[in-house]
Amino acid sequence: EEKLEQQKQREIDEMNNRIQKEVEISLTSIDYKNIIMSNISLDKNLYFKDADDFLSFVDSFNFTSKRLTEKNISKIVNGFILFADKISADLITKSSFLSFQANILASIPYIKDFVLLKSLSKLFDVYCIDNENLWGALELQIISRLSFFSADELIGCLTHFSNQNEGTNKFYDHLEIRFEELFEIYTMSQLTDILVGYFNKKMGTKIFISKILNKIIKKFQDSTVMPEKSDLIKICLTVKEVSKDYESIKQDIMDSIEYKILDNKEFLDFNSSCYFAKGFGLEYGSKELFDVFDSSTFSSNISLNQSNIIIYLEGFLFTYRIKNQHIPKLLSQIEVCLNSIPLGLLSKIVKSLYVIEQEKSDLIKKIEHRIIFEMKCNPELIKKEELFEITFNYSLCRLGSREFYKILEFTLSNRLDELSMETYLFERLIDTFEKSGLCSASFLKQLKILSV
């Protein structure tokens, strides 16, 4: 028994060491599409002392004269990845970077180094390259050399393509076949990344997804395996959104995650407790589990601010699992951060307060005033996704004033051409107004005409 305890402690220490070694990039000026807790690891660059040294190297090339060698492509690609947090958004819009992309496009069909192909997918992901020709050429070359890739390299390609919503059905089908061939060698981290990658892109056959989920369950059943906290979080956040076709498997996985958490409470902190709470939501997780999450968040006297209030809201208020004694303090903290919270989330706060029977709170009126102000003064700055979310949430809870719904209708009417491009959400918008009656008959008719 003592040996088992020592082994367990070693596994916990090893996990903590790995977490400490994770590298997180702060891309303040680059719109990198993050996956929760998924960090891009960066290797030490052997060629450049610093970002200035790298940029001088890049400036020495005339990208329009001839194709780069694989060696030079590799140097430049790795440099752009390594110094991503130090390269300004201005630089990547300059002609030199665009010329580099054109050179890469011409070079991809000749690249034989599969490690470099994976690095290119990482580069395109980190810099959010919106060029279907580049992604398409890279996809074809990866497919042509699929048998040469290791499991980690394939998973890296999957992650970067799915992060940016790139890749054709053919690409994911080919990867699925290759993953099937390598199924017996996957670790929990690899299985997690495969699941997240296919989920992000809404790809994968039912048989394949079932196999992934069952493999994850088997890993949980292995008492010698202590999954990394980041993997547990990613599985938790993803599994609950997976189709109801896998409901019994989902329950087994969530129960396994709960068991691991309760058995290793010491690895929880504020952020991870909020992410786990969001993943378990209202449907999963015992009272005992949420008491543990609570002890690492509000009950630990951590103050909420602009940097952490949103993840707390997502974990506890939006899942309706917040304890009643914390509600007054949370409402006062929301009021302090009111001007920094996105409008869509503010409308979700209103809906959540309605669900937990706090609709008489003064905060609801203050949120309405903030949203009205933005619709009147800065309507063009409100994202279309936020307009949909505001409409859906306020139509459900019906807590807006007459003035609110009139201004919302006017704001929507000025953005109809843009909103109607989102077919599914636009149809849902029509259905919402038909059921709620919270718009004029003429506006509803206008919506229906545009949906034809």
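This report describes the salt bridges, the nonpolar core and the aromatic contacts of a predicted model.

**Charged pairs**

The model contains 19 salt bridges, three of which are set out here. Glu-181 and Arg-178 approach to 2.8 Å between their closest N and O atoms, and both residues belong to helix H9 (residues 169-181), where they stand 3 residues apart, about one turn of the helix. In general, an α-helix has 3.6 residues a turn, so residues three or four places apart point the same way. The two partners nevertheless fall into separate accessibility classes: Glu-181 counts as exposed because its relative accessibility is 53%, whereas Arg-178 counts as buried because its value of 16% lies under the limit of 20%.

A second bridge joins Lys-229 to Asp-269, with 3.5 Å between the closest N and O atoms. Lys-229 is in helix H12 (residues 229-239) and Asp-269 is in the loop between helix H13 (247-263) and helix H14 (270-280), so this pair ties together parts that are 40 residues apart in sequence. Lys-229 is buried at 9% relative accessibility, while Asp-269 is partly exposed at 36%.

The third bridge links the side chains of Lys-240 and Glu-241 at 3.9 Å, N to O; here Lys-240 is partly exposed at 23% relative accessibility, and Glu-241 is partly exposed at 45%. Elsewhere, salt bridges with shared partners connect Lys-287, Asp-291, Asp-294 and Lys-323 into one network.

**Helix H12 and the core**

Helix H12, which contributes Lys-229 to the bridge with Asp-269, is mostly covered, with 11 of its 11 residues buried. Its buried residues include Lys-229, Asp-231 and Lys-234 as well as Leu-232, Ile-233 and Cys-236.

The largest nonpolar core has 145 residues, and the members that touch the most others are Phe-80, Ile-257, Phe-276 and Phe-280. Helix H11 (residues 206-221) supplies the largest share of this core, 7 residues. As a general tendency in soluble globular proteins, nonpolar side chains are buried together. When neighbours within four places in sequence are set aside, the contacts of Phe-280 include Cys-236, Met-254, Ile-257 and Ile-261, together with Leu-289, Phe-290 and Phe-293; Glu-258 and Gly-285 are also among them.

**Aromatic contacts**

There are 29 aromatic pairs in the structure. The rings of Phe-114 and Phe-149 are tilted, because their planes meet at 55°, with 5.7 Å between the centres. This pair links distant parts of the chain, as Phe-114 is in helix H6 (residues 114-126) and Phe-149 is in the loop between helix H7 (132-144) and helix H8 (151-163), 35 residues apart. Phe-114 is partly exposed at 24% relative accessible area, whereas Phe-149 is buried at 3%.

Phe-433 and Phe-443 form an edge-to-face pair, 5.9 Å centre to centre and with 80° between the planes. Phe-433 in helix H23 (residues 423-436) and Phe-443 in helix H24 (residues 441-451) are 10 residues apart; Phe-433 is buried at 3% relative accessible area, and Phe-443 is buried at 2%.

One aromatic cluster includes Phe-124, Trp-135, Phe-161 and Tyr-198. Two arginines that lie over aromatic rings are listed below.

| Arginine | Ring | Distance to ring centre |
|---|---|---|
| Arg-67 | Tyr-110 | 4.0 Å |
| Arg-428 | Phe-392 | 3.9 Å |

Notes: Residues numbered from 1 in each chain as written. Predicted model: local features only at pLDDT ≥ 70, side-chain atom pairs only at ≥ 80, totals over all residues. Heavy atoms only, no water. Salt bridge = Lys/Arg side-chain N within 4 Å of Asp/Glu carboxyl O. Helix = DSSP H or I, 4+ residues; strand = E, 2+ residues; numbered from the N terminus. Buried < 20%, exposed > 50% of the residue type's maximum accessible area, 1.4 Å probe, protein only. Core = buried A, V, L, I, M, F, W, Y, C linked by side-chain atoms within 4.5 Å. Contact = heavy atoms within 4.5 Å. Phe/Tyr/Trp six-rings, centres within 6.5 Å; stacked < 30°, edge-to-face > 60°. Lys NZ or Arg CZ within 6 Å of the ring centre and 35° of its normal.
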